[in-house]
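Here is a short briefing to read with the structure open beside you. Take it a topic at a time and find each residue as you go.

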Amino acid sequence: MNTKARKIILDCDPGHDDAVAIELAGKHPAIDLLGITVVSGNQTLDKTLNNALHLVQHLGLDVPVYAGCGIPMIRQSQVIADDIHGKSGLDGPVFSELEIEAEKEHAVQFIVETLRKSDGDITLVPTGPLTNIAMAMRLAPDIVPKIKEIVLMGGAYQLGNTTPVAEFNIYVDAEAAHVVFESGAPIVMMGLDLTRQALCYPSIVERMRKIDNKASKLFSDMMGFFNETQKRIFGWDGAPLHDPTCIAYLINPDCVETKDMRVKVEIRSENCYGQTICDFYNVNKEEPNAKVGVKLNTELFWDILEEGLRQYD
């Protein structure tokens with residue numbers, strides 16, 4: 001367990017699993033959440049920003065929220081996941097009227113200025129498309145050495161979920177992902193191979209519901225909708241909680257086993273656009289650029305999540 005809180009910027013596109021990541025990071029003593037930056041992804045930017053603000057208000061978090069990029073770096077069309085997350089991007093829970101606002105500063109500028117002022121001790125945690133992170137790197141290349149680590153949810157070394165080979169976050173803006181993976185910053189990748197081990201079965205939902213506070217009630221409300229769409233589309237009895245694996249890893253790295261790999265992002269192929277090509281066996285003899293999650297200690301993961309939700313008592 002970390003003895004000192006990790007300073008993080010959570011870059012997300014809420015999204016049910018992003019929402020759980022916010023819950024976990026919001027009050028856990030091992031995490032110092034400096035800000036939430038928002039990108040389009042699971043829904044359009046206006047909706048993901050609205051969801052982030054609702055979550056911060058509902059959970060009573062004193063965390064600034066910044067609106068970021070609403071379109072990919074190069075592609076003309078924006079891909080969303082309304083089939084998974086609904087019309088609002090966070091269907092299921094009902095929130096009270098919004099009383100807080102996003103910061104005036106753009107998310108990319110916040111990321112740049114915060115890293116520039118830092119002592120190299122800030123971890124970026126992108127759980128959506130990587131547009132904001134890549135744009136920050138392009139705007140200010142000098143920030144890259146100041147990044148302690150990038151712990152991201154995205155990619156897969158086996159099966160995709162948006163195309164046969166591409167995971168959603170990478171597919172939405174593969175050019176941005178290419179920039180990030182080639183940046184030289186230390187990267188930990190929580191891909192589908194890892195996150196599909198975090199299946200939130202009804203027994204888990206019931207376990208968290210028994211905590212009986214505002215965070216656990218919100219979790220239960222969200223999982224009802226999320227589990228239904230995952231069951232309908234993928235046939236699973238429990239929805240994979242992709243994004244919270246990043247926060248759980250930062251709280252206790254023992255919950256994730258990683259393997260060093262060279263990861264490249266396909267940006268030119270018509271059939272394989274957005275694929276993360278992970279050299280699992282190092283057949284190309286290239287220097288690894290990422291630690292890739294391969295095995296989740298599910299028992300520890302759920303313990304960490306419960307511990308995080310109990311912080312709202």
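What follows is a walk through strands, helices, a pocket and cysteines.

Please keep in mind that this is a predicted model. A good place to begin is strand β12, residues 290–296, which is largely enclosed by the rest of the structure because five of its seven residues are buried. The largest pocket, with a volume of about 340 Å³, makes a second landmark. By the distance rule for cysteine sulfurs, the model has zero disulfides.

**Strands β5, β6, β9 and β12**

- Strand β12 pairs with strand β6 (residues 187–190) in the parallel sense, over two bridges.
- To find this pairing on screen, look for Met189, whose bridge partner in β12 is Val292.
- Strand β12 also pairs with strand β9 (residues 256–261), but here the two run antiparallel and six bridges join them.
- A handy marker for the β9 pairing is Thr258, which stands opposite Gly293 in β12.
- Strand β6 pairs with β5 as well; these two run parallel and are joined by four bridges.
- Within that pairing, Val151 has Val188 of β6 as its bridge partner.
- Which way do the side chains of β6 point? Ile187 and Met189 point one way, Val188 and Met190 point the other way, and all of them are buried.

**The largest pocket**

- The lining of the largest pocket is made up of 27 residues.
- If you want to centre your view on the pocket, Ala81, Ile84, His85, Asn161 and Phe168 are the lining residues nearest its centre.
- Four helices each supply at least two lining residues: α1 (16–27), α3 (82–85), α6 (168–172) and α10 (214–234).
- Helix α10 gives the largest share of the lining, with four residues.
- In character, the lining is a mix of 12 nonpolar, eight polar and seven charged residues.

**Ala19 in helix α1**

- Ala19 is a residue of helix α1, and its relative accessible area is 0%, so it counts as buried.
- What does Ala19 touch, once neighbours within four places in sequence are left aside? Its contacts are Leu55, Leu90 and Met222.
- Ala19 and Asp243 are 224 residues apart in sequence, yet their C-alpha atoms are 8.6 Å apart in space.

**Helices α9 and α10**

- Val205 belongs to helix α9, residues 202–209, while Ser220 belongs to helix α10.
- Val205 has a relative accessible area of 7%, and Ser220 comes to 9%; both fall under the 20% cut-off, so both count as buried.
- Ser220 touches Val205 and Arg209, with residues up to four places away in sequence not counted.
- For a sense of distance, the C-alpha atoms of Val205 and Asp82 are separated by 22 Å, and these residues are 123 apart along the chain.

**Helix α4 and its cover**

- The buried residues of helix α4 (residues 107–117) are Ala107, Val108, Phe110, Ile111, Val112, Thr114 and Leu115.
- When you look at such a list, it helps to recall that an α-helix has 3.6 residues a turn, so residues three or four places apart point the same way.
- Several elements cover the buried residues of α4, including the strands β1 (6–12), β2 (31–38), β3 (65–67), β4 (122–126) and β5 (147–153).
- Helix α5 (131–139) is also part of that cover.

**Cysteines**

- The disulfide count comes to zero, and Cys272 is in no disulfide, with the nearest cysteine sulfur, that of Cys278, 13 Å away.
- Why does Cys278 not form a disulfide? The closest cysteine sulfur to its own is in Cys272, and 13 Å is too far for a bond, since a disulfide needs the sulfurs within 2.5 Å.
- Are these two cysteines buried or partly exposed? Cys272, at 26% relative accessibility, counts as partly exposed, whereas Cys278, with a relative accessible area of 15%, is buried.

Terms used: Residues are numbered from 1 along each chain as its sequence is written. This is a predicted model: local features need pLDDT of at least 70, side-chain atom pairs count only at pLDDT 80 or more; totals for chains, interfaces and linings use all residues. Side-chain values use heavy atoms; hydrogens and water are left out. Buried means under 20% relative accessible area, exposed over 50%, partly exposed in between (1.4 Å probe, protein chains only). Two strands pair if DSSP finds at least two bridges between them. On a 1 Å grid over the protein atoms alone, a cavity is a set of points where a 1.4 Å probe fits but cannot get out, and a pocket is an open set with protein on both sides within 12 Å along at least five of seven lines; lining residues have an atom within 4 Å of a point. Grid points are joined across faces, edges and corners, and a volume is the space filled by probe spheres set on the points. Ala, Val, Leu, Ile, Met, Phe, Trp, Tyr, Cys and Pro count as nonpolar, Asp, Glu, Lys and Arg as charged, and the others, Gly among them, as polar. Contact means heavy atoms within 4.5 Å.
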